[in-house]
Amino acid sequence: MNSTEQFVRKYRYAFGEKAELPIVFYYGEEPAGSNAKTDGCFFKCIDTVRQGGAISLNAETIGCGGGRLYTGFAPMPDRVPSFVSEKERYKATPEDVIECVSKLDIRLTDKKYLNFIRIDRTESLDGIEGLLFFATPDVLSGLVAWTFFDNNADDAVSCIFGSGCSSVVAQAVRENRIKGRRTFIGMLDPSARPYIGAGELSFVIPAVRLSEMIETIDRCCLSGTHGWQKIRDRING
(Lines give C-alpha, C1' and ligand atoms only; values in the text may rest on other atoms or scores of the structure.)
Protein backbone atom coordinates (compact mmCIF):
# COMPACT_ATOMS: atom_id res chain seq x y z
CA MET A 1 0.00 0.00 0.00
CA ASN A 2 1.08 3.58 -0.54
CA SER A 3 3.16 5.49 1.99
CA THR A 4 1.60 7.84 4.49
CA GLU A 5 3.53 10.72 2.97
CA GLN A 6 1.83 10.16 -0.37
CA PHE A 7 -1.59 9.94 1.26
CA VAL A 8 -1.07 13.14 3.27
CA ARG A 9 0.00 15.00 0.14
CA LYS A 10 -3.09 13.88 -1.77
CA TYR A 11 -5.38 14.56 1.17
CA ARG A 12 -4.01 18.06 1.67
CA TYR A 13 -4.51 18.83 -2.01
CA ALA A 14 -8.10 17.64 -1.85
CA PHE A 15 -9.19 19.07 1.51
CA GLY A 16 -6.69 21.83 2.27
CA GLU A 17 -4.27 22.52 5.08
CA LYS A 18 -6.90 23.14 7.75
CA ALA A 19 -8.67 19.81 7.38
CA GLU A 20 -7.69 17.55 10.26
CA LEU A 21 -5.57 14.57 9.27
CA PRO A 22 -6.99 11.09 9.90
CA ILE A 23 -5.82 8.57 12.47
CA VAL A 24 -4.34 5.18 11.61
CA PHE A 25 -5.35 2.27 13.79
CA TYR A 26 -3.75 -1.17 13.76
CA TYR A 27 -2.93 -4.18 15.92
CA GLY A 28 0.65 -4.99 16.81
CA GLU A 29 3.00 -6.61 19.28
CA GLU A 30 4.60 -3.32 20.31
CA PRO A 31 2.94 -0.19 21.73
CA ALA A 32 3.05 2.95 19.59
CA GLY A 33 2.37 5.31 22.47
CA SER A 34 0.89 5.71 25.93
CA ASN A 35 -0.52 2.53 27.46
CA ALA A 36 -2.13 4.14 30.51
CA LYS A 37 -5.34 2.61 31.84
CA THR A 38 -8.52 4.35 30.71
CA ASP A 39 -11.48 4.66 33.03
CA GLY A 40 -14.57 4.00 30.92
CA CYS A 41 -14.71 4.91 27.23
CA PHE A 42 -11.26 4.94 25.62
CA PHE A 43 -12.31 7.82 23.37
CA LYS A 44 -11.56 9.98 26.40
CA CYS A 45 -7.94 9.65 25.29
CA ILE A 46 -8.43 10.22 21.57
CA ASP A 47 -7.56 13.91 21.72
CA THR A 48 -3.97 12.88 22.52
CA VAL A 49 -3.83 11.23 19.10
CA ARG A 50 -5.54 14.11 17.33
CA GLN A 51 -2.86 16.42 18.69
CA GLY A 52 -0.04 14.25 17.32
CA GLY A 53 0.54 11.70 20.07
CA ALA A 54 -0.29 8.01 20.12
CA ILE A 55 -2.17 5.62 22.37
CA SER A 56 -1.94 1.86 22.68
CA LEU A 57 -4.78 -0.20 24.12
CA ASN A 58 -5.13 -3.75 25.37
CA ALA A 59 -7.32 -5.86 27.62
CA GLU A 60 -5.61 -4.54 30.76
CA THR A 61 -5.88 -0.84 29.92
CA ILE A 62 -9.38 -0.57 28.39
CA GLY A 63 -11.64 0.15 31.34
CA CYS A 64 -14.92 -0.62 29.56
CA GLY A 65 -16.22 -4.15 29.03
CA GLY A 66 -17.83 -3.15 25.76
CA GLY A 67 -14.57 -1.55 24.65
CA ARG A 68 -12.67 -4.78 25.29
CA LEU A 69 -15.34 -6.69 23.36
CA TYR A 70 -15.46 -4.45 20.26
CA THR A 71 -11.68 -4.26 20.02
CA GLY A 72 -11.38 -8.05 20.14
CA PHE A 73 -9.51 -8.26 23.43
CA ALA A 74 -12.21 -10.13 25.39
CA PRO A 75 -15.53 -11.93 24.93
CA MET A 76 -18.77 -10.12 25.65
CA PRO A 77 -19.29 -9.77 29.40
CA ASP A 78 -22.50 -11.37 30.67
CA ARG A 79 -23.81 -8.01 31.89
CA VAL A 80 -23.53 -6.16 28.55
CA PRO A 81 -26.88 -7.14 26.97
CA SER A 82 -28.92 -6.08 29.98
CA PHE A 83 -26.78 -2.99 30.60
CA VAL A 84 -27.17 -1.74 27.02
CA SER A 85 -30.92 -2.38 26.93
CA GLU A 86 -32.03 -1.63 30.49
CA LYS A 87 -29.49 0.94 31.74
CA GLU A 88 -28.43 2.78 28.59
CA ARG A 89 -31.70 1.94 26.75
CA TYR A 90 -30.06 1.76 23.33
CA LYS A 91 -31.91 -1.44 22.43
CA ALA A 92 -35.38 -2.66 23.34
CA THR A 93 -34.29 -5.98 24.81
CA PRO A 94 -31.12 -7.84 25.80
CA GLU A 95 -31.86 -10.24 22.96
CA ASP A 96 -31.65 -7.33 20.50
CA VAL A 97 -28.20 -6.50 21.85
CA ILE A 98 -27.04 -10.10 21.46
CA GLU A 99 -28.32 -10.14 17.87
CA CYS A 100 -26.48 -6.91 16.98
CA VAL A 101 -23.22 -8.14 18.48
CA SER A 102 -23.50 -11.51 16.74
CA LYS A 103 -23.81 -9.79 13.36
CA LEU A 104 -20.39 -8.23 13.90
CA ASP A 105 -18.80 -11.68 14.13
CA ILE A 106 -16.14 -10.36 16.49
CA ARG A 107 -13.08 -12.57 16.84
CA LEU A 108 -10.46 -12.30 19.53
CA THR A 109 -7.20 -10.75 18.38
CA ASP A 110 -3.92 -12.56 18.89
CA LYS A 111 -2.05 -9.25 18.98
CA LYS A 112 -1.04 -7.51 22.19
CA TYR A 113 -1.93 -3.90 21.35
CA LEU A 114 -4.36 -1.81 19.36
CA ASN A 115 -2.53 1.35 18.34
CA PHE A 116 -3.92 4.72 17.32
CA ILE A 117 -1.59 7.28 15.73
CA ARG A 118 -2.09 10.25 13.44
CA ILE A 119 -1.22 9.40 9.87
CA ASP A 120 1.63 11.91 9.58
CA ARG A 121 3.31 10.34 12.62
CA THR A 122 3.81 6.95 11.00
CA GLU A 123 5.56 5.88 7.82
CA SER A 124 3.51 3.06 6.36
CA LEU A 125 -0.09 2.02 5.81
CA ASP A 126 0.86 -1.64 5.60
CA GLY A 127 -0.90 -3.82 8.12
CA ILE A 128 -3.39 -1.23 9.32
CA GLU A 129 -7.08 -1.88 9.98
CA GLY A 130 -8.22 1.50 8.72
CA LEU A 131 -8.26 5.27 8.79
CA LEU A 132 -10.38 7.18 11.29
CA PHE A 133 -11.53 10.70 10.40
CA PHE A 134 -13.28 13.12 12.74
CA ALA A 135 -15.29 15.07 10.20
CA THR A 136 -17.40 18.19 10.13
CA PRO A 137 -20.37 18.14 7.71
CA ASP A 138 -18.29 19.80 4.97
CA VAL A 139 -15.42 17.31 5.31
CA LEU A 140 -17.91 14.46 5.56
CA SER A 141 -19.52 15.53 2.28
CA GLY A 142 -16.15 15.20 0.57
CA LEU A 143 -15.40 11.82 2.13
CA VAL A 144 -18.81 10.49 1.10
CA ALA A 145 -18.53 11.84 -2.44
CA TRP A 146 -15.08 10.28 -2.75
CA THR A 147 -16.39 6.93 -1.52
CA PHE A 148 -19.30 6.80 -3.96
CA PHE A 149 -17.12 7.79 -6.94
CA ASP A 150 -16.36 4.17 -7.85
CA ASN A 151 -18.97 2.31 -5.81
CA ASN A 152 -22.69 2.39 -6.66
CA ALA A 153 -23.70 0.05 -3.85
CA ASP A 154 -26.38 1.45 -1.55
CA ASP A 155 -24.25 0.53 1.46
CA ALA A 156 -20.98 1.98 0.15
CA VAL A 157 -21.31 4.42 3.05
CA SER A 158 -22.96 2.64 5.98
CA CYS A 159 -24.30 4.11 9.20
CA ILE A 160 -24.86 1.27 11.67
CA PHE A 161 -25.79 2.27 15.20
CA GLY A 162 -23.51 0.94 17.89
CA SER A 163 -20.92 2.01 20.41
CA GLY A 164 -18.18 4.33 19.24
CA CYS A 165 -15.65 1.51 19.35
CA SER A 166 -17.90 -0.83 17.38
CA SER A 167 -18.52 1.73 14.62
CA VAL A 168 -14.79 2.46 14.37
CA VAL A 169 -12.89 -0.74 15.16
CA ALA A 170 -15.24 -3.75 14.96
CA GLN A 171 -16.83 -2.72 11.66
CA ALA A 172 -13.47 -2.08 10.00
CA VAL A 173 -11.96 -5.34 11.23
CA ARG A 174 -14.91 -7.34 9.92
CA GLU A 175 -14.94 -5.50 6.58
CA ASN A 176 -11.27 -6.28 6.07
CA ARG A 177 -11.85 -9.92 6.92
CA ILE A 178 -14.67 -10.33 4.38
CA LYS A 179 -12.87 -8.15 1.81
CA GLY A 180 -15.83 -5.78 1.58
CA ARG A 181 -16.08 -2.27 0.17
CA ARG A 182 -18.09 -0.42 2.81
CA THR A 183 -17.03 2.67 4.73
CA PHE A 184 -18.63 3.70 8.01
CA ILE A 185 -20.11 6.81 9.57
CA GLY A 186 -20.11 6.55 13.35
CA MET A 187 -19.77 8.12 16.79
CA LEU A 188 -23.55 8.43 17.03
CA ASP A 189 -23.44 6.68 20.40
CA PRO A 190 -24.49 9.23 23.07
CA SER A 191 -22.09 7.62 25.56
CA ALA A 192 -19.07 8.32 23.34
CA ARG A 193 -20.10 11.63 21.76
CA PRO A 194 -18.96 13.84 24.67
CA TYR A 195 -15.35 13.00 23.75
CA ILE A 196 -15.48 14.53 20.26
CA GLY A 197 -16.70 17.88 18.94
CA ALA A 198 -20.39 18.73 18.83
CA GLY A 199 -20.16 19.29 15.07
CA GLU A 200 -18.27 16.09 14.25
CA LEU A 201 -18.94 12.49 13.30
CA SER A 202 -16.46 9.73 12.67
CA PHE A 203 -15.80 8.29 9.23
CA VAL A 204 -13.80 5.09 8.84
CA ILE A 205 -12.21 3.73 5.68
CA PRO A 206 -11.19 0.09 6.27
CA ALA A 207 -7.81 -0.87 4.84
CA VAL A 208 -9.38 -3.17 2.25
CA ARG A 209 -11.26 -0.20 0.76
CA LEU A 210 -8.50 2.35 1.30
CA SER A 211 -6.22 0.61 -1.18
CA GLU A 212 -8.80 1.39 -3.89
CA MET A 213 -9.70 4.89 -2.73
CA ILE A 214 -6.13 6.15 -2.69
CA GLU A 215 -6.14 5.61 -6.45
CA THR A 216 -9.38 7.56 -7.02
CA ILE A 217 -8.86 10.69 -4.93
CA ASP A 218 -7.11 12.40 -7.86
CA ARG A 219 -9.95 11.54 -10.27
CA CYS A 220 -13.08 12.28 -8.26
CA CYS A 221 -14.74 15.64 -7.55
CA LEU A 222 -12.17 16.42 -4.84
CA SER A 223 -9.59 17.20 -7.50
CA GLY A 224 -10.25 20.77 -8.52
CA THR A 225 -13.95 20.81 -9.50
CA HIS A 226 -15.87 24.07 -9.18
CA GLY A 227 -18.46 22.59 -6.86
CA TRP A 228 -15.97 21.10 -4.43
CA GLN A 229 -13.70 24.14 -4.49
CA LYS A 230 -16.38 26.23 -2.78
CA ILE A 231 -16.61 23.70 0.06
CA ARG A 232 -12.82 23.36 0.27
CA ASP A 233 -12.54 27.12 0.62
CA ARG A 234 -15.07 27.09 3.47
CA ILE A 235 -13.23 24.27 5.25
CA ASN A 236 -10.08 26.37 5.12
CA GLY A 237 -11.71 29.58 6.26
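In what order do the seven strands of the open sheet stand? The order is β2-β3-β1-β4-β7-β6-β5, and the pairing is mixed. Strands here are DSSP runs of E with at least two residues, helices are DSSP runs of H or I with at least four, and both are numbered from the N terminus. Two strands pair if DSSP finds at least two bridges between them.

The model is predicted: local features need pLDDT of at least 70, side-chain atom pairs count only at pLDDT 80 or more, and totals for chains, interfaces and linings use all residues. Residues are numbered from 1 along each chain as its sequence is written, and side-chain values use heavy atoms, with hydrogens and water left out.

Start at the edges of the sheet. β2 (54-57) and β5 (157-159) each have a single partner strand, so one side of each lacks a neighbour in the sheet. From one strand to the next, the twist averages 25°. Angles run from 0 to 180 degrees between N-to-C directions, and axes are lines fitted to C-alpha atoms, for helices over the stretch in contact.

Take β2 in more detail. A54 and S56 point one way from this strand, I55 and L57 point the other way, and all are buried. Buried means under 20% relative accessible area, exposed means over 50%, and partly exposed lies in between, with a 1.4 Å probe and protein chains only. β2 pairs with β3 in the antiparallel sense over four bridges. S56 has N115 as its bridge partner in β3.

Now move inward. β3 (residues 113-118) also pairs with β1 (residues 23-28), again in the antiparallel sense, over six bridges. Y27 has L114 as its bridge partner in β3. In general, strands of a sheet pair through backbone hydrogen bonds, either parallel or antiparallel.

Next comes β7 (residues 201-206). Five of its six residues are buried. β7 runs antiparallel to β4 (residues 130-135), and six bridges join the two. β7 also runs antiparallel to β6 (residues 183-186), with three bridges between them. On that side, F184 stands opposite V204 of β7.

Where does G130 sit? G130 is found in strand β4. Its bridge partner in β7 is P206. Why does G130 count as buried? Its relative accessibility is 0%. Leaving aside residues up to four places away in sequence, G130 touches I23, V24, F25, I205, P206 and A207. Contact means heavy atoms within 4.5 Å. The C-alpha atoms of G130 and E175 are separated by 9.9 Å, although the two residues lie 45 apart along the chain.

Helices come next. α6 lies across β4, β5, β6 and β7, and runs at about 25° to β7.

α6 (137-148) also helps to cover α9, as does α1 (4-15): both are among the elements over the buried residues of α9. Which residues of α9 (residues 226-235) are buried? They are W228, R232 and I235. These residues cover an arc of only 55° around the axis, which puts them on the same side of α9. The arc is that of the directions from the helix axis to the C-beta atoms. The face turned away from this buried side carries the exposed residues H226, K230 and R234. Just after α9, G237 takes a positive phi of about 75°.

How do α1 and α9 meet? Their axes come within 8 Å and cross at roughly 100°. That makes α1 roughly perpendicular to α9, a label for angles of 65 to 115 degrees; under 35 counts as roughly parallel, over 145 as roughly antiparallel, and the rest as oblique. R12, Y13, A14 and F15 of α1 make the contact with W228, R232 and I235 of α9. These contact residues divide into five nonpolar, no polar and two charged. Ala, Val, Leu, Ile, Met, Phe, Trp, Tyr, Cys and Pro count as nonpolar, Asp, Glu, Lys and Arg as charged, and the others, Gly among them, as polar.

Finish with α4 (residues 80-87). V80, P81, V84 and S85 are its buried residues. Seen down the axis, they fall within an arc of 115°, so they line one face of the helix. E86 and K87 are exposed on the other side of α4. The cover over the buried residues of α4 includes α5 (94-104). R89, just after α4, takes a positive phi of about 60°.
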